[in-house]
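Please open the structure in your viewer and keep the selection tool at hand. The stops below are meant to be taken in order.

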Amino acid sequence: MKFCPICQKDFDDNKTDCITCGQALLNGSYLENEVIFEFSSEELILKLFNYLCENGFSSVQYGHNAKTEMYYITASSDESDKILQKTLLSLNDEEASLNLTQSERETVAAYITEIAADTLPDEGAKTYINAKDRYENMMSSASSLIIVGFIGFVFVTLVYLKLINLQMNMLFYILSLLMFSVFIGIGIFSLSKANAIKKTISTEENLSEDIKNYLLTEYKPEDLDDYSSESAEELTEEEKYFSRTEHMKKNILKHFEHADELLIDGMIEEVYNDLYPSDIETEEI
């Protein structure tokens with residue numbers, strides 16, 4: 001299998017170029033790989049690519065987006081985190097084989113720092129995540145960032161005090177302190193957001209239970225009049241599903257005006273098969 005990291009599509013092995021954008025395809029599946037570095041400098045990308053290959057990261061591949069004039073490196077999801085960690089440590093080690101200029105080191109360091117910031121949950125996400133899960137995810141991310149930040153500060157301090165025998169210049173201390181300060185800052189910010197989310201868990205759980213009880217006890221599937229019994233036979237299962245869920249959502253909003261629509265979608269998914277079991281039974285027969 002091959003994939004296009006630009007169009008985010010998979011193709012058969014016999015394809016060499018993406019039929020949508022014309023870019024050369026990479027080996028593997030898009031769902032199992034991700035872009036880990038993207039810069040306008042081909043020289044910088046090749047330096048990173050060669051370094052990662054030398055250090056045994058077998059899944060890395062690089063390519064060029066002709067539309068944006070950006071060069072990128074992809075890697076498997078299993079190796080991506082290890083690659084970023086290895087690269088981050090190598091930026092501070094002049095004896096590593098990562099032969100970057102000072103400007104290139106600063107560019108890569110800023111890039112990885114930005115990735116760390118992007119690990120914060122996206123409030124604009126289209127898929128609903130309940131408050132309890134968001135709280136747990138936020139706490140986990142915050143704890144990890146703070147721990148990494150403090151460990152980094154301890155490491156830099158030990159190097160500075162010569163308790164760890166590494167010969168480092170001033171750039172090492174500047175980049176390290178900058179990155180680890182960002183980690184701790186993001187971690188503290190995440191903790192404050194997690195505490196705010198924690199206060200909404202009980203309210204959301206009660207609302208979810210009320211919506212579920214309404215659907216199972218008061219909502220009447222037979223009231224759906226978007227199509228007659230005659231036309232229903234002509235509809236596909238997908239068309240039936242969308243018609244039914246839209247009808248359910250409208251009724252829920254009449255009773256729970258301020259409920260989040262994504263939360264409503266989640267509750268509809270949870271009870272849909274209980275309200276419309278006939279389709280499943282028919283398939284089993």
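This tour of a predicted model goes from a sheet to a single helix and then to a pair of packed helices.

Begin by selecting strand S1 (residues 2–4), strand S2 (9–11) and strand S3 (26–27), which form an open sheet of three strands in the order S2-S1-S3 with antiparallel pairing. S2 and S3 are the edge strands, each of them pairing on one side only. If you then restrict the view to S1 and S2, you will find an antiparallel pairing over three bridges, in which Phe 3 stands opposite Asp 10 of S2.

Next, select helix H4 (residues 131–160), whose 30 residues should span 44 Å at 1.5 Å a residue, and whose end C-alpha atoms lie 43 Å apart, in agreement with that expectation. Colouring by accessibility should bring out the buried residues of H4, among them Tyr 135, Met 138, Leu 145, Ile 146, Gly 149 and Gly 152. The buried residues of this helix pack against helix H5 (170–198) and H6. Before leaving, look at Lys 162, which follows H4 and has a positive phi, near 65°.

Finally, select helix H6 (residues 201–217) together with helix H9 (residues 261–275): the two pack at an angle of about 35°, with their axes 10 Å apart, and their crossing is right-handed. Show side chains at the contact, where residues of H6 including Glu 204, Ile 211 and Leu 215 meet residues of H9 including Leu 263, Met 267 and Asp 274. The residues of this contact divide into nine nonpolar, one polar and four charged.

Key: Residues are numbered from 1 along each chain as its sequence is written. This is a predicted model: local features need pLDDT of at least 70, side-chain atom pairs count only at pLDDT 80 or more; totals for chains, interfaces and linings use all residues. Side-chain values use heavy atoms; hydrogens and water are left out. Axes are lines fitted to C-alpha atoms, for helices over the stretch in contact, and angles run from 0 to 180 degrees between N-to-C directions. Helices (H or I, at least four residues) and strands (E, at least two) are DSSP runs, numbered from the N terminus. A crossing is left-handed if the near helix is turned anticlockwise from the far one by less than a right angle, and right-handed if clockwise. Contact means heavy atoms within 4.5 Å. Ala, Val, Leu, Ile, Met, Phe, Trp, Tyr, Cys and Pro count as nonpolar, Asp, Glu, Lys and Arg as charged, and the others, Gly among them, as polar. The expected span of a helix is 1.5 Å times one less than its number of residues. Buried means under 20% relative accessible area, exposed over 50%, partly exposed in between (1.4 Å probe, protein chains only). Two strands pair if DSSP finds at least two bridges between them.
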